[in-house]
Every structure is written in structure tokens, then in C-alpha cells.
Amino acid sequence: MPSSSSIRPAALLAALALTSMSLGCGPTYVRGSQVEGLDDAAMSTGIDKHDIEQLLHENLKSLMASPVAKEWAQEGSRPTLAIYPLANQTSEHIDSQLQALLSDIETYMVSTGLVTVVSVERQQQMIAEIEKQHGGGFDPSHIAEYNRQLGARYYITGKVFTSDERTADERRVQYFMFMQLIEVATSAVVWQNRAAFTKALIQE
């Protein structure tokens with residue numbers, strides 16, 4: 001059985017830890033569900049998950065209001081749609097975020113009931129198979145070949161880019177997400193839109 005002298009230091013350390021937590025001393029790890037608005041605050045001028053979702057929402061809202069989407073609704077033909085990666089034209093390492101965004105686009109387009117969406121997983125498998133012959137990854141110049149394999153009538157693609165301005169102690173970064181819907185047979189751009197937002201470091 002441990003002695004009282006061995007128990008006291010441990011109990012004292014635990015009490016000190018609880019006291020420091022209650023006083024807010026030192027860093028504390030929290031979940032978004034524990035702190036209201038935690039995901040809303042800007043931590044830097046870099047693009048984050050909240051920003052990307054905002055840009056995507058604005059673009060897809062524009063697509064649903066476009067003549068081609070209204071045509072789909074009237075005809076009820078549910079044409080096949082493929083979704084290709086959005087090019088990262090920024091200096092930031094957001095390729096993994098943009099890759100994850102493909103599933104968000106897939107989920108949204110499926111929920112509309114207007115098109116038949118080729119699964120992102122199936123697209124990636126097929127792209128990998130084709131690019132084995134070329135020794136590389138996704139290549140936009142091979143989109144026609146991808147579409148032949150998928151039987152897609154339309155495909156969505158796009159890119160994210162920035163405009164960055166600085167002064168001695170301030171910075172402003174404008175982000176743009178440009179998206180297009182292209183008809184495979186004719187290569188005609190049947191819809192396109194650009195969503196934008198700005199983040200800045202300012203001195204108050």
C-alpha cells in the first residue's frame with residue numbers, strides 16, 4: 001500500500017493542473033463543438049476549409065441558376081457528369097484540400113437529381129489506369145480520353161488562384177475560384193463562374 005507521502009505530491013500536481021486549466025494558463029486543445037465560431041475566425045491570410053467551402057457554394061449556386069441546369073430540370077434526361085480536379089494556381093499547399101473538394105462537388109450534384117454523376121473514386125481509378133501508359137498523374141490534356149472511358153456528356157473543372165499585395169506592415173490576398181461546365185461532344189463551355197473573397201493582415 002502506498003504511503004501518504006507518496007500520494008500527496010501526485011495529488012498536489014493534479015490540483016495544480018486543474019487550477020491552471022481553470023485560470024486559462026497555458027495552451028489548451030479544444031474541439032470546434034466546444035467553442036462557438038471557432039472555425040469562423042481567420043488564423044492567417046492563407047486559404048482554409050471555410051474559405052474553400054464558401055467559394056464552392058457560390059459557384060454551385062450559380063450553376064443551379066444557369067440555363068443548362070434549367071434545361072436538365074425540364075428534360076429530366078439526367079446526363080452523365082464527370083468531375084475533374086481543380087488546378088491549384090496559388091503558392092499555397094492546398095492540393096489535398098482541392099482533392100477532397102471533389103467529393104463535396106460529387107455529393108452536391110448527386111443531391112440535385114439533375115445529372116448522373118460518375119463517382120470520384122471510379123474516375124480516379126480510371127485516370128490512374130490511363131496515366132500508367134504515360135508515366136504520370138492527372139493530365140488535363142487527356143480529358144477527352146478520360147471522358148470516352150467514362151461515357152460522360154459533361155464535365156466540371158476549374159482552378160483556384162490569387163492576387164497578393166503587400167505594404168511594409170500589411171498584406172491583402174484576393175482568392176478566386178473559377179469553375180466551368182464543358183460539353184464533351186463540342187468542347188463548348190456551357191457554364192462558367194468566378195467566386196472570390198479577400199483576406200488581409202491590417203494594423204489597427
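This is a short tour of the structure above, going from the whole chain to a few chosen residues.

**Stop 1: the whole protein**

Show the chain as a cartoon, and keep in mind that this is a predicted model. You should be able to find six helices and five strands. Following the sequence, they come in the pattern α-α-α-β-α-β-α-α-β-β-β. Now switch on a surface: the accessible surface comes to about 12,800 Å², and carbon and sulfur atoms hold 53% of that. Of the 204 residues, 31% count as buried. Among contacts with a separation of 6 or more, 63% are between residues 24 or more positions apart.

**Stop 2: helices α2 and α4**

Next, select residues 49-64, which form helix α2, together with residues 95-112, which form helix α4. Two packed helices are described by the angle between their axes and the distance between the axes. Here the axes come within 11 Å and cross at roughly 35°. The crossing of α2 past α4 is right-handed.

Which residues of α2 and α4 meet? Show side chains for K49, I52, L56, L60, L63 and M64 in α2. Facing them from α4 you will find Q97, L101, D104, I105, Y108, M109 and T112. Sorted by class, this contact has nine nonpolar, two polar and two charged residues.

**Stop 3: helix α3 and the loop after it**

Move on to residues 67-75, helix α3, and colour V68, A69 and W72, which are buried. Turn the view until you look down the helix axis: the buried residues fall within an arc of 100°, so they line one face of α3. On the other side, pick out P67 and Q74, both exposed.

Just after α3, click on G76, where phi is positive at about 65°. Then go to R78, in the loop between α3 and β1 (80-88). R78 is not a glycine, yet its phi is positive too, at about 45°. Is R78 buried, exposed or partly exposed? Its relative accessibility is 43%, so R78 counts as partly exposed.

**Stop 4: Q123 in helix α5**

Select residues 120-132 to bring up helix α5, and find Q123 within it. Is Q123 buried or exposed? With a relative accessibility of 2%, Q123 counts as buried, because the cut-off for buried is under 20%. To see what surrounds Q123, show A82, I83, Y84, V118 and L150; these are its contacts once neighbours within four places in sequence are left aside.

**Stop 5: I182 and S187**

Keep A82 in view and add I182, which lies in strand β4 (residues 171-183). I182 and A82 are 100 residues apart in sequence. Draw a distance between their C-alpha atoms, and the viewer should give 10.0 Å. I182 is buried, with a relative accessible area of 8%. Leaving out neighbours within four places in sequence, I182 touches R153, Y154, Y155, T157, S187, A188 and V189.

Finish with one of those contacts, S187. You will find S187 in the loop between β4 and β5 (189-201). Its phi is near 65°, a positive value in a residue other than glycine. S187 is exposed, with a relative accessible area of 56%, while its contact I182 is buried.

Note on methods: Residues are numbered from 1 along each chain as its sequence is written. This is a predicted model: local features need pLDDT of at least 70, side-chain atom pairs count only at pLDDT 80 or more; totals for chains, interfaces and linings use all residues. Side-chain values use heavy atoms; hydrogens and water are left out. Axes are lines fitted to C-alpha atoms, for helices over the stretch in contact, and angles run from 0 to 180 degrees between N-to-C directions. Helices (H or I, at least four residues) and strands (E, at least two) are DSSP runs, numbered from the N terminus. A crossing is left-handed if the near helix is turned anticlockwise from the far one by less than a right angle, and right-handed if clockwise. Contact means heavy atoms within 4.5 Å. Ala, Val, Leu, Ile, Met, Phe, Trp, Tyr, Cys and Pro count as nonpolar, Asp, Glu, Lys and Arg as charged, and the others, Gly among them, as polar. Buried means under 20% relative accessible area, exposed over 50%, partly exposed in between (1.4 Å probe, protein chains only). Accessible areas come from the Shrake-Rupley method with a 1.4 Å probe; for residues, only the protein chains shown count as cover. The arc is that of the directions from the helix axis to the C-beta atoms.
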